[in-house]
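This report walks through one protein chain, taking up a pocket, a charged pair, the cysteines and the backbone in turn. Please keep the sequence and the coordinates at hand while reading.

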Amino acid sequence: PMALEQVFSDRDSEDEVDDDIADFEDKRMLEDFVDVTDDEKLIMHMWNSFVRKQRVLADGHIPWACEAFSRLHGKHLVQNPPLLWSWRFLMIKLWNHSLLDARAMNVCGTILQGYQNESGLDPKKM
């Protein structure tokens, strides 16, 4: 039940984003794609969810978001080479659209390389 103050408040909650519903709708939308792999769908969902929850709104925030995403999901990415390649491909697409620069791509690569070194995986086989 809502408090009386909430009922009579001028604040409208319709603009609030329910993350669970947004994730469900995102997954459902991605399921409709037939020309992409499951790993590509997964990385797109992970990225969409991340930027929504972090409220990445401006193009200038993309380099920070890529670095933060690499730090947050790096361990998982390096243990799943197809997913790691999908993440790299997404970063290349962001670079092609001038949303990501070479410095940020290098920082992300260095972050991922650190996780690969930690896990003892051979980066040449990825």
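Which element gives the largest share of the lining of the largest pocket? The model examined here is a predicted one, and in it the largest share of that lining, five residues, comes from α3.

## The largest pocket

The largest pocket holds about 190 Å³ of space, and its lining is made up of Val36, Glu40, Ile43, Met44, Trp47, Asn48, Ser86, Phe89, Leu90 and Lys93. Two elements, α3 (38-53) and α5 (81-96), each give two or more residues to this lining. By character, the lining residues divide into six nonpolar, two polar and two charged.

Two residues of this lining also appear in pairs that are separated in sequence. Glu40, which belongs to the lining, has its C-alpha atom 8.4 Å from that of Pro82, although the two residues are 42 residues apart along the chain. Pro82 is found in helix α5 and is partly exposed, with a relative accessible area of 42%. Asn48, another lining residue, lies 9.5 Å from Ala22, C-alpha to C-alpha, at a sequence distance of 26 residues. Ala22 is found in helix α2 (residues 19-31) and counts as buried, at 14% relative accessibility.

## Overall fold

The chain has six helices and zero strands, which gives the pattern α-α-α-α-α-α when it is read along the sequence. Of its 126 residues, 32% are buried. Among the contacts in the chain with a separation of 6 or more, 60% are accounted for by residues 24 or more positions apart.

## Pairing between α4 and α6

How many salt bridges does a search of the whole structure find? The search finds one, in which the side chains of Glu67 and Arg103 meet at 3.2 Å, N to O. This pair links distant parts of the chain, with Glu67 in helix α4 (residues 62-78) and Arg103 in helix α6 (residues 102-119), 36 residues apart. Side chains of opposite charge can pair when their charged atoms come close. Glu67 is itself buried, with a relative accessible area of 15%.

Arg71 is likewise found in helix α4, and its C-alpha atom is separated by 7.8 Å from that of Leu112, 41 residues apart along the chain. When residues up to four places away in sequence are not counted, Arg71 touches Ile111 and Tyr115.

## Cysteines without a disulfide

Why is there no disulfide between Cys66 and Cys108? The closest cysteine sulfur to that of Cys66 is the one in Cys108, and because the distance between them is 5.2 Å, they are too far apart for a bond, given that a disulfide needs sulfur atoms within 2.5 Å. Seen from the other side, Cys108 is in no disulfide, and its nearest cysteine sulfur, that of Cys66, is 5.2 Å away. By this rule the count of disulfides comes to zero.

Are these two cysteines buried or exposed? Cys66 is buried, with a relative accessible area of 0%, and Cys108 also counts as buried, at 0% relative accessibility.

## Positive phi in two loops

Most residues other than glycine have a negative phi, and most peptide bonds are trans. Against that background, two residues merit a look at their backbone angles. Arg55 has a positive phi of about 55 degrees although it is not a glycine, and its place is in the loop between α3 and α4. At 60% relative accessibility, Arg55 counts as exposed, since the cut-off for that class is over 50%.

Which loop holds Ser98? Ser98 is found in the loop between α5 and α6, and although it is not a glycine, it has a positive phi of about 60 degrees. With a relative accessibility of 67%, Ser98 counts as exposed.

How values were computed:
Residues are numbered from 1 along each chain as its sequence is written. This is a predicted model: local features need pLDDT of at least 70, side-chain atom pairs count only at pLDDT 80 or more; totals for chains, interfaces and linings use all residues. Side-chain values use heavy atoms; hydrogens and water are left out. A salt bridge is a side-chain nitrogen of Lys or Arg within 4 Å of a carboxyl oxygen of Asp or Glu. Helices (H or I, at least four residues) and strands (E, at least two) are DSSP runs, numbered from the N terminus. Buried means under 20% relative accessible area, exposed over 50%, partly exposed in between (1.4 Å probe, protein chains only). On a 1 Å grid over the protein atoms alone, a cavity is a set of points where a 1.4 Å probe fits but cannot get out, and a pocket is an open set with protein on both sides within 12 Å along at least five of seven lines; lining residues have an atom within 4 Å of a point. Grid points are joined across faces, edges and corners, and a volume is the space filled by probe spheres set on the points. Ala, Val, Leu, Ile, Met, Phe, Trp, Tyr, Cys and Pro count as nonpolar, Asp, Glu, Lys and Arg as charged, and the others, Gly among them, as polar. Contact means heavy atoms within 4.5 Å.
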